[in-house]
Amino acid sequence: MPKHTDSLIKRMEQLYEQFYGRLYAYVMPLLNNEDEAADVVGEVMETVWRQYKEGTLTTNITASYLYTMARNRCISRLRHNKVHTHYAEIVRHTTDIRDDGEAAEYEQRLETIRRKVDELPEPDHSIFMNCYFRKMTYQQTADLLGISFVTVKKHIMHVLAQWRKELKKEK
């Protein structure tokens, strides 16, 4: 931790006051969601604070650095939300039950999904559970498991591709 803690805190307060509103205004049109925009800006500020605190920040903080971090976080969230929306739509279509036959088919599908998730090897199982059932972002999952964001994404894409292949074979 840097020696000048008071100056570090003062610098972070200045950054927050100077850039929070600007970053929020920048990400809000990208995400079109006030809560997510506030979360993204908060995550950016938290990351900068952590980098300062750990002494891993190798450059001076510039506006372009903060805007780039915010943009990248938005892209990650949008990708993550797109995947969630896709699978929520699949679930919505599979839960429209009209009679006992459809209810039985629905229960069978749910059991198949439960079995498939339980059969996943580690770390696929933990990653999938965190991202889809605990509704954690890829970054939160990566931080929790001590792996990179890219690793989380690759594991998710691998599992989904594998399941798609299996579904095609069954049809």
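Trainee: In which helix of the protein is confidence highest?

Mentor: This is a predicted model, where local features need pLDDT of at least 70, side-chain atom pairs count only at pLDDT 80 or more, and totals for chains, interfaces and linings use all residues. pLDDT is the predictor's confidence in each residue, from 0 to 100. Confidence is lowest in helix α4 (residues 100-119), at a mean of 76. At the high end, with a mean of 90, stands helix α6 (residues 138-145).

Trainee: What pLDDT does the protein average?

Mentor: Residues are numbered from 1 along each chain as its sequence is written, and side-chain values use heavy atoms, leaving out hydrogens and water. In the protein, 87% of the residues score at least 70. The average pLDDT is 82.

Trainee: How many helices does the protein have?

Mentor: Helices (H or I, at least four residues) and strands (E, at least two) are DSSP runs, numbered from the N terminus. The elements run α-α-α-α-α-α-α from that end. There are zero strands, and the number of helices is seven.

Trainee: What percentage of the residues counts as buried?

Mentor: Buried means under 20% relative accessible area, exposed over 50%, and partly exposed in between (1.4 Å probe, protein chains only). The protein has 171 residues. Of these, the buried share is 29%.

Trainee: How many residues of helix α5 are buried?

Mentor: Helix α5 spans residues 124-133 and is mostly covered. Among its buried residues are D124, H125, F128 and Y132. Out of ten residues in α5, the buried ones number eight.

Trainee: Which residue just after α5 takes a positive phi?

Mentor: Look just past the end of that helix. A positive phi of about 55° is found there, and the residue that takes this angle is K135.

Trainee: Within what arc do the buried residues of α6 fall?

Mentor: In α6, Y138, T141 and A142 are buried. They line one face of the helix because of where they fall when seen down its axis. D143 and L144, on the other side of α6, are exposed. Taken from the directions from the helix axis to the C-beta atoms, the arc of the buried residues is 100°.

Trainee: What positive phi does G146 take?

Mentor: G146 comes just after α6. Its phi is positive, at about 70°.

Trainee: How many salt bridges does the count come to?

Mentor: A salt bridge is a side-chain nitrogen of Lys or Arg within 4 Å of a carboxyl oxygen of Asp or Glu. One of them joins R50 to E46, with the closest N and O atoms 3.4 Å apart. By this rule, the count is five.

Trainee: How many residues apart in sequence are the parts that E43 and R73 tie together?

Mentor: E43 forms a salt bridge with R73, and their closest N and O atoms are 3.4 Å apart. E43 lies in helix α2 (residues 34-54) and R73 in helix α3 (residues 63-94), so the pair joins parts whose separation, in residues, is 30.

Trainee: Which residue is linked with E43 and R73 in a network of salt bridges?

Mentor: E43 has 18% relative accessibility, so it counts as buried. Its side chain also meets a residue of helix α3 in a salt bridge of 2.5 Å, N to O. That partner is buried as well, and the residue that completes the network is R77.

Trainee: Is R50 buried or partly exposed?

Mentor: R50 and its partner E46 both lie in helix α2, four residues apart, about one turn of the helix. With 44% relative accessibility, E46 counts as partly exposed. R50 has 35% relative accessibility, so R50 counts as partly exposed.
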